[in-house]
Amino acid sequence: MAAAIFAAAVARPSARLGPLAVEAPDEDAFTLAVAAAEALPVLPGGGAPSRLDLVGDFGPSAEWGIPEALGWRDTAVHTSSGGPAHLFEAIRGHGREAAERTRIVLAVDRSGIGRGRGIAHGALAVALAIGPGTGIQVDHVAAHVRSPSEPPQPLRPEHLGGRPSGDPVALLLIGDDERLVAAAREAGGLGFAPSVVPKAPPGTGPAPTTPYALALRASDPETAVHPFVLGALGADRDVYVRGRVTGTVAWSESAPAPTMVLSAPPAPDEPQALDARSEGAYVPRARYLENLPSRWRLEADWCPGCGRWTFPVRGACSGCGDSEHLERRPLSRRDWKVEAATIVRPGAQPTEFDGTVALSGAYGVVIARSPEGPRGTFQVAGPAAPIELGTAVTTVLRRLYPMEGEWRYGRKALVVKSPA
Amino acid sequence: MPEGPRALLRTAVDAAFTSVDRGMDRSRVEEAFLGTLGFSGWQLGNASAVLAEEARIGHAPVTRVENACASAGFALRAGARAIESGERDVVLVVGLEKMSDSPSPHRRYWLGVSGDTEWERLAGLTFAGVYALMASRHIAEYGTPREALAEVAVKNHANGLLNPNAQFHKAIDRAQVLAAPRVADPLGLLDCCPVTDGAVALLLAAEEVAKPLTDTPVAIAGTGAGSDALALQERDSMTSLAATRHAADEAFRRASFDRSTVGFLEVHDCFTIAELLAIEDLGFAAPGEAARMTLEGVTARNGRLPVNPDGGLKAKGHPIGASGASQAYEAFVQLRTSAGPRQISGVERALTHNVGGSGASATVTLFERV
């Protein structure tokens with residue numbers, strides 16, 4: 001049985017800079033990738049995927065951080081730079097295992113304004129779940145590198161591994177420039193029905209790779225686009241993909257975030273800013289890493305002896321002290337209820353959060369109770385606003401602050417609805 | 001030039017010896033306990049030796065006690081137990097903190113030392129935020145009016161006016177408290193204790209040793225202490241400090257009197273909400289009732305149960321590791337009828353209450369006129 005994309009999810013940045021969707025100060029490619037992956041429906045069997053392909057630049061800690069955040073610790077991780085060829089190669093996969101096991105492809109783009117100065121904005125992350133069964137199937141990927149002075153390659157059957165069989169066949173092209181239209185005409189010579197997919201989905205900001213994944217959305221079985229050819233013309237390479245739609249794909253979006261309106265692009269990550277050192281109370285890197293199971297994955301220990309939860313985990317039951325029979329269980333990442341709330345005003349923040357306050361002012365902090373019982377303390381993502389007790393929040397992985405050469409990440413609360 | 005930690009220690013210890021009515025030679029001190037956080041890293045881990053030098057107590061052993069804001073409360077308890085056990089006849093207990101000479105960023109680092117740095121601090125909380133969370137919950141559970149929190153500050157500032165050792169000698173009204181800039185909602189600037197320098201020295205002696213030294217000793221009638229989870233999220237309640245309840249129960253079990261005969265309370269009002277929590281947890285008001293008591297004037301200096309007649313941490317100031325000892329000082333002067341214009345008439349017994357962190361530790365000490 002061939003492998004197909006059976007579920008997909010998108011995470012968009014939550015801030016706005018003029019008409020552009022851009023990353024909030026506490027978002028980056030890593031947090032958006034985790035958000036997209038968490039928005040995926042539960043994998044078959046509830047387990048971790050056998051392989052995770054990271055396509056694009058997710059930042060320095062992604063290769064271990066993304067599997068850590070998602071709890072996919074036995075998953076083989078493969079990385080590649082961005083671009084449609086890598087994306088579709090990852091989707092297609094290789095060998096028997098690629099066809100028989102569940103895999104995840106995470107793609108991200110960070111590009112756009114100020115790029116020449118190293119500032120990245122407009123990230124968009126897409127998570128694709130691939131496994132045996134029906135959905136969107138990628139059969140063939142062809143990429144042609146050429147000099148920027150050469151015209152795009154006219155589409156020929158050999159680019160697609162032979163003439164596609166079956167009718168109708170749609171050619172989906174990304175972008176809206178003249179070359180695409182010409183290529184579509186050329187393709188029309190093969191008897192396809194060409195259509196052009198907008199380059200950047202509205203509200204996402206510029207993003208060169210993920211629209212190719214989003215373009216797959218256009219190949220909805222409802223529109224009877226079955227065998228399809230997807231073409232992308234880049235500055236120095238053309239990519240053509242042949243595939244088929246054999247079933248429905250469940251698309252989902254990560255939880256909508258409150259919009260933060262920025263007046264200027266956030267500053268790029270300066271090495272000296274990341275190199276912050278604490279002079280007093282803080283969490284050294286060793287403690288930070290030790291706490292990641294609870295901090296990132298909300299893992300708690302449940303004690304079968306006394307029935308008590310211990311969160312955050314600390315190797316022993318906080319009730320009876322048992323350390324041998326504890327059952328490690330992840331708490332729900334959604335539907336926490338706020339039991340106490342405050343807004344920390346500028347000047348009352350720990351010094352680690354001086355940068356947060358300088359960029360976005362006051363922030364909220366809540367203590368919320370999980371559906372399972374344990375409580376947690378979370379900063380609130382997005383602009384500070386009063387939160388009524390009883391409000392339901394979901395949790396999202398975000399940047400907390402830079403320390404000792406890296407960003408520290410943790411879960412923040414995101415308000416999803418007011419109390420009934 | 002501001003006084004440094006050594007000068008603060010020397011001043012307080014000298015004053016303690018001077019206050020002994022019939023005088024006492026320093027060589028009689030057999031052991032000392034020093035409560036200090038070591039704010040800003042001053043003499044970190046080595047403050048005991050500095051106390052021995054400045055107190056001029058020879059080679060008597062000094063133990064440093066660090067239990068956050070309750071350091072001096074626990075030092076006092078350690079000193080009292082050294083005497084109760086029969087091991088020592090005379091003990092010196094000192095509380096010390098020097099906070100004002102650190103720049104603001106250093107203060108904010110150090111003020112977080114005593115909290116849950118791994119979870120609460122990473123969520124962006126300092127103590128103002130932690131107590132604000134408790135206040136939000138208390139307001140939700142009991143309908144506690146914001147005016148009651150403001151009244152705590154108004155009352156304690158009024159009391160501070162009469163205390164020459166208070167940091168603030170400034171009367172404020174409820175409108176000012178309510179209009180003050182917010183620090184962590186619902187708490188504003190005037191709901192928060194200040195950054196303070198201070199040292200307090202207490203001389204403890206076995207009863208038969210104390211009698212020849214003074215005609216008006218004050219007895220430590222009972223001590224108690226308690227602990228709780230460091231982080232608020234892990235406690236059973238966010239509107240009640242179990243450590244305080246445990247400490248109070250223990251202290252009253254050891255004393256020969258009950259709550260009805262206590263003349264006034266010195267409680268740990270680092271934030272206004274903390275005074276309401278303390279009155280309830282110490283057993284002087286039912287849960288949710290301290291606000292009403294405060295608004296009705298029961299806790300005013302001339303009320304039925306005065307609370308923080310010295311101005312409390314709010315107006316007297318909160319030199320972290322010294323505050324527990326300063327509360328004992330107030331009990332001492334009040335019960336000896338030597339509190340001057342802030343003297344409460346007819347008091348025979350007093351309670352002091354010192355909290356570490358946001359309630360992770362607490363001490364309660366009961367005092368009685370002899």
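Two strands pair if DSSP finds at least two bridges between them. Keep that in mind for the exercises below, which all deal with a predicted model.

**Exercise 1. Work out the strand order of the open sheet of 3 strands in chain A, and say which strands stand at the edges.**

Step 1: Start with a pair. Strand β15 (residues 299-302) of chain A pairs with β17(A) in the antiparallel sense, over 4 bridges. As a check on the register, look for A:Ala300, which stands opposite A:Arg329 in β17(A).

Step 2: Add the remaining strand. The order comes out as β16-β15-β17 (chain A), with antiparallel pairing.

Step 3: Find the edges. β16 (309-310) and β17 (327-330) of chain A each have a single partner strand, so one side of each has no neighbour in the sheet.

**Exercise 2. Find which residues the cis peptide bonds at A:Pro312 and B:Pro186 join, and place both prolines.**

Step 1: In chain A, the cis bond joins A:Phe311 and A:Pro312, with omega about 0°. A:Pro312 sits in the loop between β16 and β17 of chain A.

Step 2: Over in chain B, the bond between B:Asp185 and B:Pro186 is cis, with omega about 5°. B:Pro186 belongs to the loop between β4 (182-184) and β5 (187-188) of chain B.

Step 3: Why flag these? Most residues other than glycine have a negative phi, and most peptide bonds are trans.

**Exercise 3. Decide whether A:Glu404 and B:Arg56 are buried, exposed or partly exposed.**

Step 1: Locate them. A:Glu404 is in the loop between β21 (392-403) and β22 (406-417) of chain A, and its phi is near 55°, a positive value. B:Arg56 also has phi near 55°; look for B:Arg56 in the loop between α2 (47-55) and β2 (62-65) of chain B.

Step 2: Recall the cut-offs: 20 or more C-beta neighbours within 10 Å means buried, 12 or fewer means exposed.

Step 3: A:Glu404 has 15 such neighbours, so it counts as partly exposed. B:Arg56 has 13, so that residue is partly exposed too.

**Exercise 4. Describe the contact between the chains, then the one between the domains of chain A.**

Step 1: Chain A puts in 33 residues and chain B 34. On the chain A side, β18(A) gives the most, with 6 residues. By class, that side has 17 nonpolar, 11 polar and 5 charged residues.

Step 2: Chain A splits into domain 1 (3-253) and domain 2 (333-417). Here 11 residues of domain 1 touch 12 of domain 2. Helix α1 (residues 29-39) of chain A gives the most to the domain 1 side, 4 residues.

Notes: Residues are numbered from 1 along each chain as its sequence is written. Chains are lettered from A and ligands numbered from 1 in the order in which they are written. This is a predicted model: local features need pLDDT of at least 70, side-chain atom pairs count only at pLDDT 80 or more; totals for chains, interfaces and linings use all residues. Two residues are in contact if their C-beta atoms, placed from the backbone, lie within 7 Å. Helices (H or I, at least four residues) and strands (E, at least two) are DSSP runs, numbered from the N terminus. Ala, Val, Leu, Ile, Met, Phe, Trp, Tyr, Cys and Pro count as nonpolar, Asp, Glu, Lys and Arg as charged, and the others, Gly among them, as polar. Domain bounds come from an automatic or database domain assignment.
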